[in-house]
Amino acid sequence: MTTEGLTSFDQANNSQSSAISADQLTKIYKTGFWLNQKVTSLQSCSLTVQRGETFGLLGPNGAGKTTLLKLLLGIVQPTSGSGQILGYKLGDRACKQYIGFLPEQAYYYDYLTGWEFLEFIGSMFGIEANLRRQRIADLLDLVGLPQSAARKKQLRQYSKGMVQRIGLAQALINDPDIVFLDEPMSGLDPVGRYQVREIILMLKKLGKTVFFNTHILADVEIICDRIGILNKGELIAIGTLNELLGTDKTYQVSGYGGSEAELKPWLLHFEEQGDMWHGQLEGDPQKFLEMLAGINAKIISMNLSRQTLEEFFIEQIRGGAKS
Ligand SMILES: Nc1ncnc2c1ncn2[C@@H]1O[C@H](COP(=O)(O)OP(=O)(O)OP(=O)(O)O)[C@@H](O)[C@H]1O
């Protein structure tokens with residue numbers, strides 16, 4: 001895989017501002033014939049993504065992931081709230097040249113060949129002809145599309161996976177500092193998914209900021225520095241995998257006795273079921289055992305483990321503790 005044609009994010013140009021910030025972003029769509037019905041797609045969403053971070057946004061269908069992406073990209077206006085991209089206010093056209101975007105449902109001019117399409121997008125960014133040709137060749141190589149297919153076949157003749165690859169190439173044509181990817185693995189076979197993961201990791205190595213939406217938890221575990229979980233328009237969890245799932249030295253403990261007030265300061269996700277309690281130990285296990293002896297509580301099990309992202313995700317979506 002080549003990284004030619006894409007440059008490293010210039011840390012010298014890196015001002016103090018974060019790459020992406022959202023402050024209480026809310027989007028309420030008006031629907032219905034008389035526009036008298038309201039759908040709250042996003043509710044008071046605040047988050048920050050630092051430069052060079054790979055951020056994965058998870059959530060079930062209809063959670064508001066695409067809406068958040070569209071708000072950040074300035075494609076739709078927030079009902080309330082604000083945000084910034086690379087220090088520019090959301091919707092400021094000046095930041096467009098630093099941004100790449102792969103939409104979930106792309107409507108490309110399908111009578112163009114892949115090459116013509118990339119030429120078209122490249123010229124819209126004002127990329128000089130020689131550089132444009134070189135970059136298109138490099139990007140086709142990067143996304144795994146043979147140049148012959150890109151030059152000869154019209155987009156309408158492309159498979160879903162090929163369209164996704166050409167979409168990824170167009171998202172990188174302007175050598176962006178931030179890349180927004182809406183479901184980048186969608187429609188790809190396992191090899192294609194692997195390649196997209198490799199591309200995202202390569203973008204990260206170059207210091208680019210990557211913000212992507214996905215349903216595929218395994219991809220998130222491999223490539224993301226931090227994740228956020230959206231459900232019903234609300235950001236219900238955000239953090240690194242270690243922050244959300246615990247580190248490798250996390251203990252899941254169960255026991256009985258003692259009181260909630262005594263146990264809760266030690267146990268994250270504390271829950272009681274009948275006489276028993278369980279949770280994730282925060283702190284020194286030895287001191288915890290000494291504390292239990294002092295409050296006449298007994299331990300039943302203590303397992304070195306951490307929740308899988310899938311378990312955590314399902315717990316959050318079903319209304320588990322907010323992080
Ligand atoms: N233009 C619109 N007009 C009215 N409602 C909308 C509009 N766009 C999105 N919605 C609604 O907002 C909610 C969130 O939609 P959104 O597409 O942001 O979710 P999502 O998390 O990206 O879903 P998916 O994973 O299925 O793509 C849904 O209830 C959707 O029907």
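Me: Which residues are closest to the ligand, and how many surround it?
Reply: This is a predicted model, and in it 13 residues surround the ligand. The closest are Tyr29, Ser41, Asn61, Thr66 and Thr67.

Me: OK, and which elements give two or more residues to that shell?
Reply: Strand 1 (20-31), strand 2 (37-49) and helix 1 (65-73) do. Helix 1 gives the most, with 3 residues.

Me: How many of the shell residues are nonpolar, polar or charged?
Reply: By class, 8 are polar, 3 are nonpolar and 2 are charged.

Me: Switching to the sheet. What's the strand order?
Reply: It's an open sheet of 6 strands, ordered 6-7-8-3-9-10, with mixed pairing. Strand 6 (99-102) and strand 10 (234-239) each have a single partner strand, so one side of each has no neighbour in the sheet. From one strand to the next, the twist averages 15°.

Me: Where does helix 1 sit relative to that sheet?
Reply: Helix 1 packs on the sheet and touches strand 3, strand 6, strand 7, strand 8 and strand 9. Its direction makes about 150° with that of strand 7. Helix 1 is also the element that gives the most residues to the ligand shell.

Me: Any other helix on there? What does helix 11 lie across?
Reply: Helix 11 (residues 309-317) lies across strand 3, strand 9 and strand 10. Helix 11 runs at about 35° to strand 9.

Me: Let's look at strand 3. Buried or exposed?
Reply: Strand 3 covers residues 54-58, and 5 of its 5 residues are buried. Thr54, Gly56 and Leu58 point one way, while Phe55 and Leu57 point the other way.

Me: And which way does strand 3 run against strand 8, parallel or antiparallel?
Reply: Parallel, over 5 bridges, with strand 8 being residues 209-214. Thr54 has Val210 as its bridge partner in strand 8. Strand 3 also runs parallel to strand 9 (residues 226-231), joined by 4 bridges. There, Leu58 stands opposite Ile229.

Me: What about strand 7, how many bridges join it to strand 8?
Reply: Strand 7 (residues 178-182) is joined to strand 8 by 5 bridges, and the two run parallel. Phe180 of that pairing stands opposite Phe211 in strand 8.

Me: Back to strand 6 at the edge. Are its residues buried or exposed?
Reply: Buried, on both faces. Ile99 and Phe101 lie on one side, with Gly100 and Leu102 on the other. Strand 6 is joined to strand 7 by 4 bridges in the parallel sense, and Gly100 has Val179 as its bridge partner there.

Me: Zooming out, how is the chain divided into domains?
Reply: There's domain 1 (11-243) and domain 2 (248-306). Taken over C-alpha atoms, the centres of the two are 42 Å apart.

Me: What size of box do the C-alpha atoms fill?
Reply: Roughly 75 × 50 × 40 Å, along the principal axes.

Me: And how many helices and strands in total?
Reply: The chain has 11 helices and 14 strands.

Me: Last bit: what share of the chain is buried?
Reply: 35% of the 323 residues. As for contacts with a separation of 6 or more, 71% of them are accounted for by residues 24 or more positions apart.

Methods
Residues are numbered from 1 along each chain as its sequence is written. This is a predicted model: local features need pLDDT of at least 70, side-chain atom pairs count only at pLDDT 80 or more; totals for chains, interfaces and linings use all residues. A residue is near a molecule or strand if its C-beta atom, placed from the backbone, lies within 6 Å of it. Ala, Val, Leu, Ile, Met, Phe, Trp, Tyr, Cys and Pro count as nonpolar, Asp, Glu, Lys and Arg as charged, and the others, Gly among them, as polar. A residue is buried if 20 or more other C-beta atoms lie within 10 Å of its own, exposed if 12 or fewer, and partly exposed in between; C-beta atoms are placed from the backbone. Two strands pair if DSSP finds at least two bridges between them. Axes are lines fitted to C-alpha atoms, for helices over the stretch in contact, and angles run from 0 to 180 degrees between N-to-C directions. Two residues are in contact if their C-beta atoms, placed from the backbone, lie within 7 Å. Domain bounds come from an automatic or database domain assignment.
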